[in-house]
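Grab a pencil and get ready to look around a protein model. Try each exercise yourself before you read its solution.

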Amino acid sequence: MNLIVAVIVAVLILTGYGMSRAVSKALGGASSRCRFSAVKIGNMGRAEVEKLLDRIESVPEPEAVVGAMCYEPIALPPVVEYVCPVCGTKTDYNDYGESWRVLSVTEARMLFDTLTSLTRLQISLDETVFCSECRADSSAEPDLVLHVTWDDGSEHSSPVTTEDLRMLIGLFSGGVSYRTSNDGSAPLGPSAVRLREILGLIE
Ligand SMILES: [Zn+2]
């Protein structure tokens with residue numbers, strides 16, 4: 001009797017061990033290939049995402065909550081340096097608009113991490129164009145690009161801002177509003193077209 005119990009316990013321990021090893025292998029292998037990719041177990045289909053989008057368009061629009069309005073103006077340094085996380089190259093920016101975009105990359109990475117924890121959609125955040133060494137087109141504007149791979153294998157890429165990422169977080173949280181950059185709240189319904197555009201759901 002005791003032997004049977006011992007065998008069952010041993011089998012359970014081995015099965016659990018095998019499963020956790022398989023999962024950690026899958027996650028570890030992917031993160032070493034691309035830092036800003038997320039591996040998902042089971043991918044999301046368009047129909048599932050369309051349901052979320054239909055919901056934000058059909059519910060009564062929630063009231064916007066205005067966030068903090070008074071911020072200390074931040075003086076931009078004359079040169080903003082972007083350090084590529086892939087090749088380590090440093091690229092300097094001194095154009096006002098471009099410098100702000102470089103400074104928003106850190107926040108975008110954090111927002112992207114939150115987003116990947118909320119969705120089973122296969123997504124990655126591409127910073128390539130910020131790096132003078134990695135970008136293919138030297139005249140391209142520095143923009144973050146969100147890549148989406150759907151469950152049928154089709155892919156879509158779209159430039160995104162931190163505001164776009166905030167809206168995606170709201171959508172995949174299952175909510176009808178999203179948290180704005182100044183800790184306010186805005187309805188998602190009016191942004192449904194923009195969200196479809198980012199995800200490649202507009203013909
Ligand atoms: Zn690079």
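The exercises below go from the whole chain to single residues.

Before starting, note that this is a predicted model, where local features need pLDDT of at least 70, side-chain atom pairs count only at pLDDT 80 or more, and totals for chains, interfaces and linings use all residues. Residues are numbered from 1 along each chain as its sequence is written.

**Exercise 1. Get the overall picture.**
Find out how many helices and strands the protein has, and in what pattern they follow each other.

*Solution.*
Step 1: Count the elements, where helices (H or I, at least four residues) and strands (E, at least two) are DSSP runs numbered from the N terminus. The count comes to 6 helices and 7 strands.
Step 2: Walk along the sequence, and you get α-α-β-β-α-α-β-β-β-α-β-β-α.
Step 3: Check the confidence with pLDDT, the predictor's own score for each residue from 0 to 100. The average is 81, and 77% of the residues score at least 70. Over residues 3-35, though, the pLDDT is below 50, and beyond near neighbours in sequence this stretch has 6 contacts in the model. A contact here means two residues whose C-beta atoms, placed from the backbone, lie within 7 Å.
Step 4: See how far along the chain contacts reach. Of those between residues at least 6 apart in sequence, 59% join residues at least 24 apart.

**Exercise 2. Sort out a sheet.**
In what order do the strands of the open sheet of 3 strands lie?

*Solution.*
Step 1: The order is 3-4-5, with antiparallel pairing. Strands count as paired if DSSP finds at least two bridges between them.
Step 2: Strand 3 and strand 5 are at the edges with a single partner strand each, so each has one side without a neighbour in the sheet. From one strand to the next, the twist averages 20 degrees.
Step 3: Go through the pairs. Strand 3 and strand 4 share 5 bridges, and Gln122 has Thr149 in strand 4 as its bridge partner. Strand 4 (residues 144-149) and strand 5 (residues 155-160) share 6 bridges.
Step 4: Match up residues across that second pair. Val145 faces Pro159, His147 faces Ser157, and Val148 faces His156.
Step 5: Look at the turn. The hairpin of strand 4 and strand 5 has 5 residues between the strands, and Gly153 takes a positive phi near 90 degrees there.

**Exercise 3. Look inside.**
Which residues touch the most other members of the largest nonpolar core?

*Solution.*
Step 1: Fix the terms. A residue is buried if 20 or more other C-beta atoms lie within 10 Å of its own, exposed if 12 or fewer, and partly exposed in between, with C-beta atoms placed from the backbone. A nonpolar core is a set of buried Ala, Val, Leu, Ile, Met, Phe, Trp, Tyr and Cys residues joined through C-beta atoms within 7 Å.
Step 2: The core has 25 residues, and Leu165, Leu168, Leu171 and Leu195 touch the most other members. Helix 5 gives the largest share, 5 residues.
Step 3: Zoom in on helix 5. Of its 11 residues, 8 are buried, so the helix is largely enclosed by the rest of the structure. Its buried residues pack against helix 2, helix 4, strand 5, strand 6 (177-179) and helix 6.
Step 4: Follow one residue. Leu168 touches Leu115 and Leu195, leaving out residues up to four places away in sequence.

**Exercise 4. Place helix 6.**
Which residues of helix 6 are buried?

*Solution.*
Step 1: They are Leu195, Ile198 and Leu199. These cover an arc of only 90 degrees around the axis (taken from the directions from the helix axis to the C-beta atoms), which puts them on the same side of helix 6.
Step 2: They pack against helix 2, strand 4, strand 5 and helix 5.
Step 3: Just after helix 6, Gly200 takes a positive phi of about 75 degrees.

**Exercise 5. Zoom in on Ser158.**
Is Ser158 in strand 5 buried, exposed or partly exposed?

*Solution.*
Step 1: Ser158 has 16 other C-beta atoms within 10 Å, so it is partly exposed.
Step 2: Leaving out residues up to four places away in sequence, Ser158 touches Val145, Leu146, Glu197 and Ile198.
Step 3: The C-alpha atoms of Ser158 and Leu144 are separated by 8.4 Å, with the two residues 14 apart along the chain.

Technical notes. Axes fitted to C-alpha atoms, helices over the stretch in contact; angles between N-to-C directions.
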